[in-house]
Amino acid sequence: MAKSPAWQRKEGQNPEGGLNEKGRASLRTEGRDIKPPVKKAEARRSPTAAKRRIAFCRRSKGQMDKLTSAETRNDTNSRIRKARRAWECD
């Protein structure tokens, strides 16, 4: 049986939210262009990074509100909340 890609397994996921470098590398092998999260300090230095961060925060807020159950929405350790913390979304 073939193994699933690293980004779908624990070894490709960052425990603090999002993907680690191994997870991003496995997505790149599938032809996807993925970059690490942008922190607020990085966003201040680069307008392009700031746009990425704002877009992610808006998109993930919508996902959290519409696509998750009430249990996941209120769980502080859910993957979506961890990812939002990694991006420093408010």
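**A tour starting at Ser-60**

Select Ser-60 to begin: this residue is buried, with a relative accessible area of 1% (buried means under 20%, exposed over 50%, partly exposed in between, using a 1.4 Å probe on protein chains only). You're looking at a predicted model, where local features need pLDDT of at least 70 and side-chain atom pairs count only at pLDDT 80 or more, while totals for chains, interfaces and linings use all residues. Residues are numbered from 1 along each chain as its sequence is written, and side-chain values use heavy atoms, leaving out hydrogens and water.

Now colour residues 47-66: that's helix α3, home of Ser-60 (helices are DSSP runs of H or I, at least four residues, numbered from the N terminus). Next, pick Cys-57, whose backbone oxygen the Ser-60 side chain reaches at 3.2 Å. Then show Ile-80 and Arg-84, which Ser-60 touches, not counting residues up to four places away in sequence (contact means heavy atoms within 4.5 Å).

On to the largest pocket: select Gly-18, Leu-19, Ile-34, Phe-56 and Ala-83, the residues nearest its centre among the 20 that line it. Colour α1 (21-29), α3 and α5 (79-86) too, as each gives two or more residues to that lining. Helix α3 supplies the largest share, four residues.

Last stop, colour by pLDDT (the predictor's confidence in each residue, from 0 to 100). The protein averages 90, and 98% of the residues score at least 70. Compare helix α4 (residues 70-74), the element with the lowest mean at 84, with helix α2 (residues 40-45), which has the highest at 94.

Definitions and conventions. A polar contact is a pair of N or O atoms within 3.5 Å; within protein, one must be able to donate a hydrogen and the other to accept it, and residues adjacent in sequence count only if both atoms are side-chain atoms. On a 1 Å grid over the protein atoms alone, a cavity is a set of points where a 1.4 Å probe fits but cannot get out, and a pocket is an open set with protein on both sides within 12 Å along at least five of seven lines; lining residues have an atom within 4 Å of a point.
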